[in-house]
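Subject: Structure handover

Hi,

Here is the structure I promised, with my notes below it. Please open it alongside the text.

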Amino acid sequence: MISRNFKNVLVVSVGFLSLFTAYGGLQSLQSSLNAEDGMGVASLSVIYASIIVSSMFLPPIMIKNLGCKWTIVAGMACYVSYSFGNLYPGWYTLIPTSVILGLGGSPLWSAKCTYLTIAGNLQGANEGKKGADVINHYFGIFFFIFQSSAVWGNLMSSLIFQQDTNIANIPEEQLQTCGAANCGLNISLNGTTTRPAQNLVEILVGCYIGVGLLAMLIVAVFLDNVDREQSSQFRGNREPFCQTFLATFRLLKDWRLLTLIPLTMYSGFEQSFLSGEYTKNYVTCALGIHYVGYVMMCFGASNSLCSFLFGRLARYTGRAALIFLAALANLACIIALLFWRPHPDDLPVFFVFPALWGMADAVWQTQTNALYGVLFSRDKEAAFANYRMWESLGFVIAFAYSTFICLEYKLYILLAVLLLTVVTYPIVEYHERKHPTPPAEKGSHLTDSKTLQTDESNIICQTRI
């Protein structure tokens, strides 16, 4: 029999898998599906701008008042609203639902992290194990299940769009405009880059809405409310709003956090490039929109497997070795993308880039979060709020200039931020090796009238939206 806490971890993981099967698929298609006037990438930029705002103050307020379970359900509802906005996409449907999604995104992820932390500490106390070890195990399970959502969401889009009877061969003159050879701002809308038939779009978005609602139902029905008592106590003894709001900004006085900003923002830049630029200027342009799902499936599978692998490998290789491996992989991909001219005859190459990108992204996600957990173990809530804020700023900037500058310059910007990261990150890592941050003092989680001692200094938190 599996334990109650392990069951709850599986419920959260399956719920997020279902929810991001929908959102991940929509995000990959925005730059191609809603390309008119840059509406798709504009909506993504608004999403991450809203996440910046919500990460400043909403997560602690919602979690302490509603509890983790119902904060997760409310956040999922915000994500489902964006799927409804894509049924009949327009500026008046996509932008408002993007704002709603962004406001719910940060509380959703913070509540998930908090819930798994509490569950891990409870299980550790029951089994006489270190809470941090159980927490890391639980997050590893979550990562593995959650990251596979990219496979299923993109598989759905490709299978449905392949039913389009208007698929045609892409003319040679259009292939000349693909990749960094051309500016990439005005891709010809002929051949297979034409928007799929509206009925197919409605079928796909309808499926995405269905799996999103299923995610809400799974969590609402099967997830235990483990922090009900803490929420009740908080509602009876509220903290000042300004104290919660300013905690995020007070941490900016720490030079280590400031030095990590390029690394954190690069995470947003690299994710936005793959989902916004690679899918549009390489895949859709040269192969057609029906191939976007298959290519992003490769990214999702690589990301999922490598997240699982690197989480265990880090204890032997150390964090720095993995981060420099990811930097080397991204550097090689960026340089290759500058010179590669995509053509349907090079079909395997279209899958090599997302596979390498997925491997690198697995490192950026797991190791950067682990680094934040180690360095700021006494201020985890404010530290991860800063993480979400600076990563989201990277998304906002990248999506904002997507429709204004040429693809070649976007690659140069990505390369510049990567090189800045390679320069600044070792400073923090070297300081941490010479002057290790002492672990946080043991706190307590009050659950079921018991006070359980916890050690959360090594919590790894997944914050990718």
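In this predicted model, helices α13 and α16 make a left-handed crossing. Helix α13 covers residues 319-339 and helix α16 covers residues 407-434. Their axes are 10 Å apart, at an angle of about 165 degrees. An angle over 145 degrees counts as roughly antiparallel, so α13 is roughly antiparallel to α16.

Which residues of α13 and α16 make the contact? From α13 come R319, A320, I323, F324, A327, N330, L331, I334, L337 and L338. From α16 come E408, L411, Y412, L414, L415, L418, V422, Y425, P426, E429 and E432. By class, the residues of this contact are 16 nonpolar, 1 polar and 4 charged.

One charged pair to look at in that contact: E429 and R319. E429 belongs to helix α16. Its side chain makes a polar contact with the side chain of R319, at 3.0 Å. Is E429 buried or exposed? The relative accessible area of E429 is 7%. The cut-off for buried is under 20%, so E429 counts as buried. Setting aside neighbours within four places in sequence, E429 touches R319, A320 and L371. R319 and A320 are also on the α13 side of the helix contact.

Next, the pair α1 and α2. Helix α1 runs over residues 4-33, helix α2 over residues 39-85. Their axes come within 11 Å and cross at roughly 165 degrees. That value is past the 145 degree cut-off, so α1 is roughly antiparallel to α2. The crossing here is right-handed, whereas that of α13 and α16 is left-handed.

On the α1 side, the contact is made by G15, F16, L19, F20, A22, Y23, L26, Q27, Q30 and S31. On the α2 side, the residues are G40, V41, S43, L44, I47, Y48, I72, M76, Y79, V80, Y82 and S83. The split for α1 with α2 is 15 nonpolar, 7 polar and no charged. For α13 with α16, 4 charged residues take part.

Two further residues, S110 and K129, are worth a click. S110 sits in helix α3. With a relative accessible area of 8%, S110 is buried. The side chain of S110 makes a polar contact with the side chain of R388, at 2.7 Å. Beyond its neighbours within four places in sequence, S110 is in contact with P59, I63 and R388. P59 and I63 fall in the residue range of α2, 39-85.

K129 is the exposed case. Where is K129 placed? It lies in the loop between α3 (91-127) and α4 (131-147). Its relative accessibility is 53%. Exposed means over 50%, so K129 counts as exposed. Not counting residues up to four places away in sequence, K129 touches G124 and V134. G124 falls within the range of α3, and V134 within that of α4.

Finally, the whole chain. It has 16 helices and 2 strands. Of its 465 residues, 61% count as buried. E429 and S110 are two of the buried ones. Take the contacts in the chain with a separation of 6 or more: residues 24 or more positions apart account for 86% of them.

Best wishes

Methods
Residues numbered from 1 in each chain as written. Predicted model: local features only at pLDDT ≥ 70, side-chain atom pairs only at ≥ 80, totals over all residues. Heavy atoms only, no water. Axes fitted to C-alpha atoms, helices over the stretch in contact; angles between N-to-C directions. Helix = DSSP H or I, 4+ residues; strand = E, 2+ residues; numbered from the N terminus. Parallel < 35°, antiparallel > 145°, perpendicular 65-115°, else oblique. Left-handed = near helix turned anticlockwise from the far one by under 90°. Contact = heavy atoms within 4.5 Å. Nonpolar A, V, L, I, M, F, W, Y, C, P; charged D, E, K, R; others polar. Buried < 20%, exposed > 50% of the residue type's maximum accessible area, 1.4 Å probe, protein only. Polar contact = N/O pair within 3.5 Å; in protein donor to acceptor, adjacent residues only side chain to side chain.
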